[in-house]
Structures are given as C-alpha cells and as structure tokens.
Amino acid sequence: MKCEEVYQWLQAYLDTEVTAEEERMVEKHIRGCVHCRRRLVELSQTINQIQKAGQLTPRQDFTKRLMERLEQEKRERG
Amino acid sequence: MRSGRRQVTDEELVRAGRRGETEAFAEIVLRYKDRIYNLAYRMFGSREEAEDIAQETFLHIFRSLESFRVEERFSPWIYRIATNLCLDRLRKMKHTVASLDAPVGPDGDIPQQVADWSHAPEKIYELSEMRADTQEAINGLPPKYKVVVVLRHLQDLSYDEIARVLGIPQGTVKTRLFRAREILRRKLGKLYPVATGVEGSAAR
C-alpha cells in the first residue's frame with residue numbers, strides 16, 4: 001500500500017472515524033514506514049494544538065442583553 | 001427547568017419556547033451560548049464579532065421557533081444557523097478587503113484575512129503566543145476549510161454531524177478537513193517543530 005493512499009486513512013484514524021479493518025491497515029503500514037509515522041506524529045501535534053486553543057466565555061451580560069432584545073421584539077410585534 | 005430525575009431535552013425546551021415560555025428559551029441560551037460564542041470566535045478571531053454573531057444566532061432561533069421541525073434534533077439546527085451567519089459575514093468582509101487578501105505562506109496557499117485581525121488586535125495579548133499562532137493559522141484558512149476544523153476540533157462534532165450541519169456530503173467534509181489540517185500542519189510545524197528529530201527551527 002502506497003503512502004499517499006494511506007494518508008487519508010491516517011487522518012481518519014486520528015479522528016477515530018475508521019473501521020476496525022482500516023485501523024489494522026493503518027497500524028500495519030505505520031509500523032513499517034518512518035515517513036508516515038512522522039506524519040502521524042506531526043498531524044496529531046497539530047490537532048492537539050488546535051484543541052488547546054482554549055474556550056472563552058461571552059460577556060457576563062450576554063443573556064441579559066439578549067433577553068432584552070427579545071422582549072423589545074415581542075413588544076414591537078404586539 | 002431541571003427535574004430531579006432527568007434533564008429536559010433541548011427539543012422539549014423548544015416546544016415550551018414555542019408556547020411562549022420565556023424561561024425555556026433562556027435555558028436554551030444558557031446551554032448553547034458558550035458553544036456558539038466559541039464557534040464564532042474561532043471563525044473570526046474577534047470577541048466583538050463573536051458576541052454579535054452569537055446574539056444574532058439566538059435572535060434568529062427565537063424568530064424561527066415555529067419553523068423548527070419537531071422530529072429534528074436541535075443542536076445541528078442551531079449550529080447550522082450559526083455557521084451560516086459566520087460564513088455570510090466572512091463573505092461580506094472578504095469583499096471589503098479583497099485587495100488585502102494576498103495569499104501568503106511558502107506555497108502561496110494560505111490566504112490572509114487581514115480584516116479578521118484588524119478588528120480586535122487586543123486578543124493577541126489575551127492568549128499565549130502559541131494559542132495566538134494557532135488562532136492566526138486558523139484565521140488564515142479559507143472559510144469553507146476553517147468551518148470544518150472548528151466544528152471538528154473545537155466543537156467536537158463527528159464527520160456525520162458536520163455533514164448534516166453544513167448540508168454537504170461526508171466525503172466533502174473529509175476532503176476539506178484533511179486539506180485544512182495539512183495546511184495547518186505545514187504552517188504550525190514550521191513554528192513548533194515536533195521534538196522527535198524534525199529539522200528546522202522555530203522561525204520567529
């Protein structure tokens with residue numbers, strides 16, 4: 001199996017969106033291929049980095065402002 | 001709104017919201033505001049835009065409670081509304097800054113969206129350097145790639161869920177996600193090379 005063909009499975013493998021059979025295929029290939037092993041490490045690092053981007057929270061008065069706008073709309077609609 | 005035994009489902013809240021129960025709608029807002037805010041934040045890299053899009057999303061939801069199909073699940077619906085609002089706005093922004101959108105990167109395949117940054121320069125200081133670089137790299141992705149990365153990695157949706165939110169085939173989701181991550185890998189890999197003997201150094 002060629003590296004280019006493996007690549008998309010490698011990506012899906014990281015998302016745990018592969019079948020058991022595809023998983024075995026990927027694992028078999030990366031055991032014997034330094035190039036793909038490195039790609040896998042780099043990709044998983046990239047994914048970790050994206051996921052570490054962190055969660056933010058909206059302003060404290062978010063809900064209050066929204067509910068006020070809704071009340072206003074309701075009144076306008078009558 | 002919380003019963004002792006089980007949590008009221010989103011869909012039940014929508015039905016109550018339709019009957020005019022304001023508290024039910026407030027509970028929906030409480031459940032989703034952080035998710036929608038973060039989704040928008042990652043799409044724009046700006047708190048101001050994120051607040052605005054999140055407010056617009058809930059207003060839209062409120063106005064269209066009647067058209068929500070009861071047999072449908074609520075979360076793909078709200079994500080669809082929020083992503084559409086983000087993509088529409090990004091399209092509009094692109095028109096206004098077209099001349100500044102010169103592609104960058106070693107392969108010229110990383111479009112730069114200057115407008116995203118000019119709106120909120122303060123955020124650079126809010127985040128650690130690595131987080132800021134990551135956000136910048138995400139910002140630089142074309143919107144259709146960016147949205148799949150955000151839904152997959154910052155909202156934790158599966159391929160199937162992303163396909164339903166965006167109304168595109170799963171195969172397209174995969175293609176865009178893989179391509180997007182490849183761009184990010186190349187960009188971030190240069191700034192933060194993996195420890196296991198990868199040549200090159202952090203060029204910044």
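How much area do chain A and chain B bury between them? About 4100 Å², with 56% of it on carbon and sulfur atoms. Keep in mind as you click around that this is a predicted model. Let's take the tour from that interface outwards.

**Stop 1: the interface**

Show both chains, and colour them separately. Select the residues in contact across the boundary: 36 residues of chain A are in contact with 42 residues of chain B. Now pick out Gln49(A), Ile50(A) and Leu56(A), which together supply 17% of the area that chain A buries against chain B, more than any other three residues.

Next, turn to the polar side of this boundary. Between the two chains there are 20 residue pairs in polar contact, counting pairs with both residues at pLDDT 80 or more. To see which parts of chain A are involved in touching chain B, highlight its helices H1 (3–14), H3 (34–51) and H4 (62–77), each of which supplies at least two residues of that side.

Salt bridges cross here too, and the count between chain A and chain B is six. For one to look at, select Arg65(A) and Glu51(B): they form a salt bridge whose closest N and O atoms are 2.6 Å apart.

**Stop 2: helix H3 of chain B**

Stay with Glu51(B), which is one of the buried residues in H3(B). Select the whole helix, residues 47–63 of chain B. Its 17 residues reach 24 Å from the first C-alpha to the last, close to the 24 Å expected at 1.5 Å a residue.

Show the side chains along H3(B), and you will find many buried residues, among them Ala50(B), Ile53(B), Phe58(B), Leu59(B), Ile61(B) and Phe62(B). The buried set also includes the polar residues Gln55(B) and Thr57(B).

Then go to the start of the helix and add Ser46(B). A side-chain oxygen of Ser46(B) comes to within 3.3 Å of the backbone nitrogen of Glu48(B).

**Stop 3: a salt-bridge network**

Select Arg38(A), Glu42(A), Glu182(B), Arg185(B) and Arg186(B) together; salt bridges link these residues in a network. Zoom in on Arg185(B) and Glu182(B), where the closest N and O atoms of their salt bridge are 2.6 Å apart. Both Arg185(B) and Glu182(B) are buried. How far apart are these two in helix H10 of chain B? They are three residues apart, so about one helical turn separates them.

While helix H10 (residues 170–191) is on screen, find Gly171(B), which lies in it. Gly171(B) is partly exposed, with a relative accessible area of 42%. Add Tyr159(B), 12 residues away along the chain, and check the distance between the two C-alpha atoms: 8.8 Å.

**Stop 4: two more salt bridges in chain B**

Over all chains the structure holds 25 salt bridges. Select Arg91(B) and Asp88(B) for another one, with closest N and O atoms 2.8 Å apart. Both residues sit in helix H4 (residues 74–96) of chain B, three residues apart, about one turn of the helix. Here Arg91(B) is exposed at 51% relative accessibility, while Asp88(B) is partly exposed at 36%.

Now move to Arg6(B) and Glu12(B), which form a salt bridge with closest N and O atoms 2.9 Å apart. Arg6(B) is partly exposed, at 47% relative accessible area, and Glu12(B) is also partly exposed, at 28%.

**Stop 5: the cysteines**

How many disulfides are there over all chains? The count is zero. Select Cys3(A) and Cys36(A) to see why a pair can miss out: the sulfur of Cys3(A) has its closest cysteine sulfur in Cys36(A), but at 3.7 Å that is too far for a bond, given a cut-off of 2.5 Å. Cys3(A) is partly exposed, with a relative accessible area of 23%. Over in chain B, Cys86(B) is buried, at 0% relative accessibility.

**Last stop: all of chain B**

Zoom out and switch chain B to a cartoon. Chain B has 10 helices and zero strands. Colour its 204 residues by burial, and 51% of them will come up as buried. Finally, draw the contacts within chain B: among those joining residues at least 6 apart in sequence, 60% link residues at least 24 apart.

Note on methods. Residues are numbered from 1 along each chain as its sequence is written. Chains are lettered from A and ligands numbered from 1 in the order in which they are written. This is a predicted model: local features need pLDDT of at least 70, side-chain atom pairs count only at pLDDT 80 or more; totals for chains, interfaces and linings use all residues. Side-chain values use heavy atoms; hydrogens and water are left out. Buried means under 20% relative accessible area, exposed over 50%, partly exposed in between (1.4 Å probe, protein chains only). Helices (H or I, at least four residues) and strands (E, at least two) are DSSP runs, numbered from the N terminus. The expected span of a helix is 1.5 Å times one less than its number of residues. A polar contact is a pair of N or O atoms within 3.5 Å; within protein, one must be able to donate a hydrogen and the other to accept it, and residues adjacent in sequence count only if both atoms are side-chain atoms. Contact means heavy atoms within 4.5 Å. Buried area is the accessible area (1.4 Å probe) that two parts lose on being put together, summed over both. A salt bridge is a side-chain nitrogen of Lys or Arg within 4 Å of a carboxyl oxygen of Asp or Glu.
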